[in-house]
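Student: Please take me closely through the empty space in this model and the residues that border it. I would like the cut-offs behind each term, and enough of the surroundings to place what you describe.

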Amino acid sequence: MLKLRSPVRDIPGTMSDLGCISFVSLFIPLCFVFQLCVVLPEFHEPGSLMFILTWIGGLFVVFQIAGNFLACMLVDTSIRATILTPPQEPQLRKLWRFCSLCETLAPIRSWHCDSCKTCVLKRDHHCIFTGNCVGYRNQRYFILFLVYVIIGCSYCCLYNCVYFWYLHKDIYLNSRTLMSLICPFVGFFFDISWKNVYLLTYELGFISLLYALILFLFHWPNVLRGSTTHESLSAKYDMGREQNLEMVFGKRWRLVWLSPLLESELPHDGVHWESLLRQSSKNR
């Protein structure tokens with residue numbers, strides 16, 4: 001059973017976390033309404049089969065983005081969510097470190113986060129868009145959040161390009177639109193209209209796609225190697241591709257893309273990595 005963080009005590013950790021969480025929370029519904037209520041009727045007749053199928057597909061993608069976003073933000077992957085039992089063997093116990101801020105022995109692969117104010121199990125990095133560290137128990141949700149942002153934004157960008165530059169080129173294909181895209185917020189001082197809101201949504205969709213794609217291309221190789229950002233140059237925890245995927249997505253890793261609500265038990269406790277050091281060396 002996953003332990004959740006306290007929304008009052010733990011979220012957000014900093015003002016930058018609050019700003020980014022607010023941006024994602026506002027952008028997801030804004031983009032959803034714009035795509036399915038403004039853009040989609042220009043392509044498919046409301047009530048037609050393609051219109052209904054696209055609506056269903058859009059709801060599925062938004063559910064995945066919002067669900068994985070909330071899970072990554074709320075799932076507690078810190079040492080506070082588990083009982084720490086250091087190994088008895090002196091040579092293995094030396095691998096653990098004393099965290100002066102948490103005032104406890106912390107397991108290997110854990111790092112202290114100044115924003116979360118605790119040590120995080122198998123810490124990868126602190127994600128400002130979820131206000132939480134990505135670690136052992138919530139990395140699955142972070143990766144799937146990126147995957148569905150890429151899918152959703154790719155769909156949006158494709159439809160939006162046709163909508164703006166072909167279907168409505170007489171309205172948008174001009175120098176004023178170019179200025180609005182270069183300085184989107186400045187445009188609102190001169191023209192507070194739905195046109196500028198649509199252009200802002202269009203531009204944010206492209207930026208989100210590019211950013212999510214860069215993050216995914218950076219983190220996915222680490223997932224396949226069984227490493228974290230701190231261990232990107234090391235393969236000492238590499239158990240083989242399938243087992244590495246299982247370590248992130250759980251024992252039902254082939255099905256987790258269907259829903260963030262799908263339970264997929266992780267094969268490890270996220271604490272005692274000492275034994276895996278020997279096992280990974282044998283696999284190599």
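Tutor: What follows starts with the chain as a whole, turns to the pocket and the cavities, and ends with some individual residues.

This is a predicted model, in which local features need pLDDT of at least 70 and side-chain atom pairs count only at pLDDT 80 or more, while totals for chains, interfaces and linings use all residues. Residues are numbered from 1 along each chain as its sequence is written, and side-chain values use heavy atoms, with hydrogens and water left out.

The protein chain has eleven helices and six strands, where helices (H or I, at least four residues) and strands (E, at least two) are DSSP runs numbered from the N terminus. Along the principal axes, its C-alpha atoms fill a box of roughly 75 × 40 × 35 Å. Of the 284 residues in the chain, 47% are buried; buried means under 20% relative accessible area, exposed over 50%, and partly exposed in between, with a 1.4 Å probe and protein chains only. Taking contacts (heavy atoms within 4.5 Å) between residues at least 6 apart in sequence, 60% join residues at least 24 apart.

Rolling a probe the size of a water molecule over the atoms shows where empty space is left. Here the search runs on a 1 Å grid over the protein atoms alone: a cavity is a set of points where a 1.4 Å probe fits but cannot get out, a pocket is an open set with protein on both sides within 12 Å along at least five of seven lines, and lining residues have an atom within 4 Å of a point. Grid points are joined across faces, edges and corners, and a volume is the space filled by probe spheres set on the points.

The second largest pocket holds about 590 Å³ of space. Its lining has 31 residues, of which Phe27, Ile65, Val149, Cys153 and Ser208 are the closest to its centre. Two or more lining residues come from each of α2, α3 (49-74), α5 (139-167) and α9 (194-225), and α5 gives the most, with nine residues. By class, this lining has 25 nonpolar, six polar and no charged residues, where Ala, Val, Leu, Ile, Met, Phe, Trp, Tyr, Cys and Pro count as nonpolar, Asp, Glu, Lys and Arg as charged, and the others, Gly among them, as polar.

A record can be set beside this: the unreviewed UniProt entry annotates residues 21-43, 49-75, 141-165 and 197-220 as "transmembrane region", with positions in the numbering used here, feature names shortened, and annotations that may be inferred rather than shown by experiment. In the model, residues 21-43 are 83% helix and 0% strand, with the end C-alpha atoms 32 Å apart, while residues 49-75 are 96% helix and 0% strand, with the end C-alpha atoms 38 Å apart.

Val24 gives a view of helix α2 (residues 15-39), in which it is placed. Val24 counts as buried because its relative accessibility is 8%, and, leaving aside its neighbours within four places in sequence, it is in contact with Pro29, Phe69, Phe129 and Phe145.

Turning to enclosed space, the structure holds two cavities of 30 Å³ or more. The largest cavity holds about 60 Å³ and is lined by Arg109, Lys122, Gly226, Tyr237, Met239, Asn244, Met247, Trp273 and Leu276, which divide into five nonpolar, two polar and two charged residues. Lys122, one of these lining residues, is found in the loop between β4 (118-120) and β5 (125-127); its phi is positive, about 45°, although it is not a glycine, and it counts as buried because its relative accessibility is 4%.

The second largest cavity, with a volume of about 50 Å³, is lined by Arg5, Val75, Asp76, Thr77, Ser78, Arg80, Cys116, Thr118, Val120 and Asn132. That lining has three nonpolar, four polar and three charged residues.

Finally, the cysteines: the structure holds zero disulfides, a disulfide being a pair of cysteine sulfur atoms within 2.5 Å. Cys31 is not bonded to Cys156, which carries the closest cysteine sulfur, because the 3.6 Å between the two sulfurs is too far for a bond. Cys113 is likewise in no disulfide, the nearest cysteine sulfur, that of Cys133, being 3.3 Å away. Cys31 is buried at a relative accessible area of 10%, and Cys113 is buried at 2% relative accessibility.
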